[in-house]
Amino acid sequence: MPEPRIEITPEQIARVVARFYERVRAHPGLGPVFARHVTNWPEHEARIVTFWESAILGRPGYRGSPVTVHREARDVRPGMFAPWLALFDMTLREELPPETAAAWSALAHRIGRTLRAGVTERETLPGGIPKLL
């Protein structure tokens, strides 16, 4: 097993994911989009926990392409990533020690930029100009 990228336990990851998705479901802009795509919240959260365990702890098990999933949803817009990350950062700050929260936030923001770019690639205005909102 590789060294963890961030000092964190699987239990902490699961707690952050559960609390974050509580907030997502209540968010006026994000909640309806997620509700259209997520029919089994425990299964979705378990998959996301596996994603983060892979990204942070180097654990095997996650299979999938987040960019493809978000692109194929067809209703995920680039402007949704700022509130998504704000909710995630809020959750990290409330649930984790400051150094751990900051490290995970930095990783989440890097991943968020990749996802946003993947969504933006399909959203263009005439002349190929990216539609950013």
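**Exercise 1. Work out the order of the secondary structure elements from the N terminus on, and how many of each kind there are.**

Solution. Start at the N terminus of this predicted model and walk along the chain: the elements run α-α-α-α-α-α-β-β. Now tally them up, and the secondary structure comes to 6 helices and 2 strands.

Next, a couple of chain-wide totals. The chain has 133 residues, and 39% of them count as buried. For contacts, take the pairs that are at least 6 apart in sequence: 73% of these join residues at least 24 apart.

**Exercise 2. Describe how helix 1 and helix 3 pack: what are the angle and the axis separation, and which residues meet?**

Solution. First, pin down the two elements: helix 1 covers residues 10–26 and helix 3 covers residues 41–57. Their axes sit 9 Å apart, and the packing angle is about 130 degrees.

Second, put a word to that angle. The roughly perpendicular range ends at 115 degrees and roughly antiparallel begins over 145, so about 130 degrees falls in neither class. Helix 1 and helix 3 are therefore oblique to each other. As for handedness, the crossing of helix 1 past helix 3 is right-handed.

Third, list who meets whom. Helix 1 brings P10, I13, A14, V17, A18, Y21 and R25. On the helix 3 side, you'll find W41, H44, E45, I48, V49, W52, E53, I56 and L57. Sort the residues of this contact by character and you get 12 nonpolar, 1 polar and 3 charged.

**Exercise 3. Take H44: is this residue buried or exposed, and which residues does H44 touch beyond its sequence neighbours?**

Solution. Place the residue first: H44 is in helix 3. Its relative accessible area is 19%. The cut-off for buried is under 20%, so H44 counts as buried.

Now the contacts. Leave out residues up to four places away in sequence, and H44 touches Y21, F34 and V38. Y21 should ring a bell, since Y21 is one of the helix 1 residues that meet helix 3.

**Exercise 4. Count the salt bridges, then follow three of them: which elements do they link, and how accessible are the partners?**

Solution. Begin with the idea: side chains of opposite charge can pair when their charged atoms come close. Here the count comes to 6 salt bridges. Let's go through three, one at a time.

- R15 and E95: the closest N and O atoms are 2.8 Å apart. This pair links distant parts of the chain, with R15 in helix 1 and E95 in helix 5 (residues 81–95), 80 residues apart. R15 is partly exposed at 37% relative accessibility, and E95 is partly exposed at 21%.
- R23 and E94: their side chains meet in a salt bridge at 2.4 Å, N to O. R23 lies in helix 1 and E94 in helix 5, so the bridge ties together parts 71 residues apart in sequence. R23 counts as buried at 12% relative accessibility, whereas E94 is partly exposed at 48%.
- R25 and E45: this salt bridge is 3.1 Å, N to O. R25 sits in helix 1 and E45 in helix 3, so parts 20 residues apart in sequence get tied together. R25 is partly exposed at 37% relative accessibility, while E45 is buried at 15%.

Step back for a second: R25 and E45 are also among the residues where helix 1 meets helix 3.

**Exercise 5. Compare S54 with A55: which of the labels buried or partly exposed goes with each residue, and what does each one touch?**

Solution. Both residues need placing: S54 lies in helix 3, and A55 lies in helix 3.

Accessibility comes next. S54 has a relative accessible area of 29%, so S54 is partly exposed. A55 has 15%, so A55 is buried.

Then the contacts, skipping residues up to four places away in sequence. S54 touches R59 and Y62, and A55 touches R5 and L107.

Finally, check some C-alpha separations. S54 and R5 are 49 residues apart along the chain, with their C-alpha atoms separated by 10.0 Å. A55 and W104 are 49 residues apart in sequence, and 9.9 Å apart in space, C-alpha to C-alpha.

Notes
Residues numbered from 1 in each chain as written. Predicted model: local features only at pLDDT ≥ 70, side-chain atom pairs only at ≥ 80, totals over all residues. Heavy atoms only, no water. Axes fitted to C-alpha atoms, helices over the stretch in contact; angles between N-to-C directions. Helix = DSSP H or I, 4+ residues; strand = E, 2+ residues; numbered from the N terminus. Parallel < 35°, antiparallel > 145°, perpendicular 65-115°, else oblique. Left-handed = near helix turned anticlockwise from the far one by under 90°. Contact = heavy atoms within 4.5 Å. Nonpolar A, V, L, I, M, F, W, Y, C, P; charged D, E, K, R; others polar. Buried < 20%, exposed > 50% of the residue type's maximum accessible area, 1.4 Å probe, protein only. Salt bridge = Lys/Arg side-chain N within 4 Å of Asp/Glu carboxyl O.
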